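Subject: Structure handover

Hello,

Here is the structure we talked about. Please open it first, then read the notes underneath with the model on your screen.

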Amino acid sequence: MATRLEALPHRHVLTLPTEPSAVRLSRQTAERALTEWGISLRHPAVGPALLILGELVTNSVRHAAVLSPQVTVIYAAGADCLAFAVHDRHPYQPPLYASLTDAGTGGLATVMELTLGLSGTAVVRGDADGKGKSIWITLPLRALPL
């Protein structure tokens, strides 16, 4: 999927303390934003997108809070694309695609399985200073086969 994220007409940024309540608040904010943007919460990509978002924010809360007092979620959408990023200030950049071969379940393996199952993409982008990263997920909003 070659969507230019800067070109997406809808965007919302949410910054929260890196604590467990961030998971719920980030999902609630996503639901509100999608509704405001005219994207049905019943769209087949939305449920998995909310699960992916919850997993990524949970990972920041569990693993980055010691170095990152805040987590930022960026939401973006267009007519045929939904994108979001979870940013924290912990330098570790997880190997997303390697998680598919891990024996474990949950976490990044779930994120990647859902993302790829929806024909989406996942990218880790490091901060310029090397002290943080964003994990970007992009999902198509076209009709999915049944």
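**The sheet**

The model, which is predicted, has an open sheet of five strands in the order β1-β2-β3-β5-β4, and the pairing is antiparallel. The edges are taken by β1 (10-17) and β4 (121-126); each has a single partner strand, so one side of each has no neighbour in the sheet. From one strand to the next, the twist averages 15°. As general background, strands of a sheet pair through backbone hydrogen bonds, and the pairing is either parallel or antiparallel.

Start with β3. Strand β3 (residues 81-88) and strand β5 (residues 133-140) run antiparallel and are joined by eight bridges. In this pairing His87 stands opposite Ser134 of β5. Seven bridges join β3 to β2, again in antiparallel fashion, and here His87 is the bridge partner of Thr72. The connection from β2 to β3 is a hairpin through two residues.

Strand β4 is joined to β5 by six bridges, and these two strands also run antiparallel. One of the bridge pairs is Val123 with Trp136 in β5. The hairpin of β4 and β5 has six residues between the strands, and in it Gly130 takes a positive phi near 75°.

**Helices and cores**

Which strands does each helix lie across? Helix α1 (residues 21-36) lies across β1, β2 (70-78) and β3, at about 165° to β1. Helix α2 (residues 46-63) lies across β2, β3 and β5, and runs at about 10° to β3.

Are the residues of β3 buried or exposed? Eight of its eight residues are buried. Cys81, Ala83, Ala85 and His87 point one way from the strand, while Leu82, Phe84, Val86 and Asp88 point the other way.

In soluble globular proteins, nonpolar side chains tend to be buried together. In this model the largest nonpolar core has 35 residues, and those that touch the most other members are Leu53, Leu56, Val57, Phe84 and Ile137. Two or more residues come from each of β1, α1, α2, β2, β3, α3 (107-117) and β5. Helix α2 gives the most to this core, with eight residues. To see how one member sits, select Val57: leaving aside neighbours within four places in sequence, Val57 is in contact with Ala22, Val23, Ser26, Val73 and Val86. Another core lies apart from the largest one; it has seven residues, among them Ile74, Ala76, Cys81 and Ala85.

**Charged residues**

How many salt bridges does the structure hold? There are three. In one of them, the side chains of Lys133 and Asp88 meet at 2.8 Å, N to O. Lys133 is in strand β5 and Asp88 is in strand β3, so this pair, 45 residues apart, links distant parts of the chain. Both Lys133 and Asp88 are buried.

Arg89 takes part in a salt bridge with Asp127, with the closest N and O atoms 2.6 Å apart. Arg89 is in the loop between β3 and α3, and Asp127 is in the loop between β4 and β5, 38 residues away. Arg89 also meets Asp129 in a salt bridge, at 2.6 Å, N to O. Arg89 and Asp129 are 40 residues apart, and Asp129 is in the loop between β4 and β5. Through shared partners, the salt bridges join Arg89, Asp127 and Asp129 into one network.

Why is Arg89 classed as partly exposed? Its relative accessible area is 31%, and the class covers values between 20% and 50%. Asp129, with a relative accessible area of 44%, is partly exposed as well.

**Two residues to look at**

Asp127 also makes a polar contact with His87, side chain to side chain, at 2.9 Å. Not counting residues up to four places away in sequence, Asp127 touches His87, Asp88, Arg89, Gly132 and Lys133.

His90 is in the loop between β3 and α3. His90 counts as buried because its relative accessibility is 18%, and the cut-off is under 20%. The His90 side chain reaches the backbone nitrogen of Tyr92 at 3.1 Å. Leaving out residues up to four places away in sequence, His90 touches His63, Ala64, Leu67, Ser68, Lys131, Gly132 and Lys133.

Regards

Terms used: Residues numbered from 1 in each chain as written. Predicted model: local features only at pLDDT ≥ 70, side-chain atom pairs only at ≥ 80, totals over all residues. Heavy atoms only, no water. Pairing = 2+ DSSP bridges. Helix = DSSP H or I, 4+ residues; strand = E, 2+ residues; numbered from the N terminus. Axes fitted to C-alpha atoms, helices over the stretch in contact; angles between N-to-C directions. Contact = heavy atoms within 4.5 Å. Polar contact = N/O pair within 3.5 Å; in protein donor to acceptor, adjacent residues only side chain to side chain. Buried < 20%, exposed > 50% of the residue type's maximum accessible area, 1.4 Å probe, protein only. Core = buried A, V, L, I, M, F, W, Y, C linked by side-chain atoms within 4.5 Å. Salt bridge = Lys/Arg side-chain N within 4 Å of Asp/Glu carboxyl O.
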